[in-house]
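Reader: I've got the model open. Can you walk me through the labels and what backs them up?

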Amino acid sequence: MEYHYLAVTNVFEGINTYGIAAFADSDGDAILIESFADLSPDEQSVSRLVSDCNELELDPTQLRDIVDDFLAQF
């Protein structure tokens, strides 16, 4: 099964925050596996995280650890 990661945007009271969502491709359908909202107001840092997860073909079972590491750097 293939997995893909996308950046998600949340807007609350005019403030954008960014997160990540993991999807599985199943017979042409995208199925949401897990998501983490409001990781950062920095769109570029979350975009890099998403890009790295896709490039490394990260298994979604590892996403929580990756998000913890991402948050620990702030």
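Author: Sure. Keep in mind that this is a predicted model. Let's start with Ser-40, which touches Thr-17, Tyr-18, Ser-45, Val-46, Phe-70 and Phe-74, leaving aside residues up to four places away in sequence. Ser-40 lies in strand 3, residues 29-40.

Reader: Why is Ser-40 called buried?

Author: Its relative accessible area is 5%, and buried means under 20%, so Ser-40 gets the label.

Reader: What makes the link from the side chain of Ser-40 to the backbone nitrogen of Asp-42 a polar contact?

Author: The side chain of Ser-40 reaches that nitrogen of Asp-42 at 2.9 Å. The cut-off for N or O pairs is within 3.5 Å, so the pair counts.

Reader: How do helix 1 and helix 2 pack?

Author: Helix 1 (residues 43-55) and helix 2 (residues 63-72) pack at about 150°, axes 12 Å apart. On the helix 1 side, Ser-45, Val-46, Leu-49 and Cys-53 make the contact, and on the helix 2 side Leu-63, Ile-66 and Phe-70 do. By class, that's six nonpolar, one polar and no charged residues. The crossing is right-handed.

Reader: Which residues have the most contacts inside the largest nonpolar core?

Author: Tyr-5, Ile-20, Leu-39, Cys-53 and Leu-63, in a core of 14 residues. Strand 2 (15-26), strand 3, helix 1 and helix 2 each supply at least two of its residues, and helix 1 gives the most, with four.

Reader: What does Ile-20 touch?

Author: Beyond four places in sequence, its contacts include Tyr-5, Leu-39, Cys-53 and Leu-63. Glu-34 and Ser-35 are also among them.

How values were computed
Residues numbered from 1 in each chain as written. Predicted model: local features only at pLDDT ≥ 70, side-chain atom pairs only at ≥ 80, totals over all residues. Heavy atoms only, no water. Buried < 20%, exposed > 50% of the residue type's maximum accessible area, 1.4 Å probe, protein only. Polar contact = N/O pair within 3.5 Å; in protein donor to acceptor, adjacent residues only side chain to side chain. Contact = heavy atoms within 4.5 Å. Axes fitted to C-alpha atoms, helices over the stretch in contact; angles between N-to-C directions. Left-handed = near helix turned anticlockwise from the far one by under 90°. Nonpolar A, V, L, I, M, F, W, Y, C, P; charged D, E, K, R; others polar. Core = buried A, V, L, I, M, F, W, Y, C linked by side-chain atoms within 4.5 Å.
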